[in-house]
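Take a look at the model below. We will walk through it one helix, one ligand shell and one core at a time.

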Amino acid sequence: MKATPRGLRVQIGLFGRRNVGKSSLLNALAGQEVAIVSPVAGTTTDPVEKAFELLPLGPVLFIDTAGLDDAGTLGAERTGRSRRVVERTDLALLVVTGGVWGDLEEEVVAGFAERGYAGDIQVLMAVDSDGRTLGVRVLKHAETPGLGDKIEVKKDPWIKSFDGKSLGDPAPAKWGVKKDSGIFDQFAGATITPRAVVKAVKGGLEFYADHRQEILGGQS
Ligand SMILES: Nc1nc2c(ncn2[C@@H]2O[C@H](COP(=O)(O)OP(=O)(O)OP(=O)(O)O)[C@@H](O)[C@H]2O)c(=O)[nH]1
Ligand SMILES: [Mg+2]
């Protein structure tokens, strides 16, 4: 696995405010002390990279970053570097704590959305420690304006229907659009897009459930 070329690894960036546990999450997923963890806000200053195999995904390259709320002159340089990592990763893990979802978090989402992304990544989601969805945003889609683009929060509040949902709520069989006997609305003439989003969100919750122990470690 060490021989996997960097370019073939899925690059996953860890973003969030200072002290939210980004480095702890990297260490937990890697199963080793890759990044320094401390209660002092601003511990990670430069991006820290770690290549390993994360099943079932395969070879990945994680990039831990400095908190996006770092202040002062050096702080601006650090957050600038974190933002540049946003530009080159395939996937973002946005770590939030205490349900805090503000401008900084929206900025990470917008950073991804503005890239003219060529890959498969379509949604970004935040999950609380109990496996409940805090928020979902669509980053990229190619649906017809006026139909499928209702998955964008600025066009329609539909995407907020995932807020507070978990794998048990609704029951697994109900994790679908209404046409498929699920609970989520679909849009007339554009079922494929909401269906894909429901599937992606459910997949994200399953990822969290599968890795919950590594993610939370001994802490909660
Ligand atoms: N209670 C609790 N504490 C945590 C958790 N994850 C991390 N911590 C603690 O939070 C503090 C910050 O953790 P880090 O992993 O260094 O956070 P970070 O986001 O990398 O911080 P910066 O590098 O400063 O931006 C440490 O004291 C950790 O032990 C968690 O899930 N629960
Ligand atoms: Mg850190």
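Start with helix H1, in what is a predicted model. Its buried residues are Lys22, Ser23, Leu25, Leu26, Asn27 and Leu29. What do they pack against? The partners are four strands, E1 (10-16), E2 (48-54), E3 (58-64) and E4 (91-95), together with helix H4. H1 itself covers residues 22-30. Just past its end, Gly31 adopts a positive phi of about 75°.

Now turn to ligand 1. Which element gives the most to the shell around it? Helix H1 does, with three residues. The shell holds 19 residues, and those that come nearest are Gly21, Ser23, Ser24, Thr44 and Gly67. Ser23 is also one of the buried residues of H1. By class, twelve shell residues are polar, five are nonpolar and two are charged. Where does the ligand sit relative to the domains? Domain 1 (1-121) and domain 2 (142-220) both contribute residues to the shell, so ligand 1 lies between them.

Next comes the nonpolar interior. In soluble globular proteins, nonpolar side chains tend to be buried together. Here the largest nonpolar core has 38 residues. Leu14, Phe15, Ala92, Leu94, Val95 and Val201 touch the most other members. Helix H4 (residues 192-216) supplies the largest share of this core, six residues. Both domains take part: domain 1 (1-121) and domain 2 (142-220) each give at least three residues.

Zoom in on Leu94. Leaving out residues up to four places away in sequence, Leu94 touches Phe15, Gly16, Glu105, Val108, Leu124 and Ala126. Among them, Phe15 is another of the core residues that touch the most other members.

Notes
Residues numbered from 1 in each chain as written. Chains lettered and ligands numbered in written order. Predicted model: local features only at pLDDT ≥ 70, side-chain atom pairs only at ≥ 80, totals over all residues. Near = placed C-beta within 6 Å. Helix = DSSP H or I, 4+ residues; strand = E, 2+ residues; numbered from the N terminus. Nonpolar A, V, L, I, M, F, W, Y, C, P; charged D, E, K, R; others polar. Domains from an automatic or database assignment. Core = buried A, V, L, I, M, F, W, Y, C linked by C-beta atoms within 7 Å. Buried ≥ 20, exposed ≤ 12 C-beta atoms within 10 Å, placed from the backbone. Contact = placed C-beta atoms within 7 Å.
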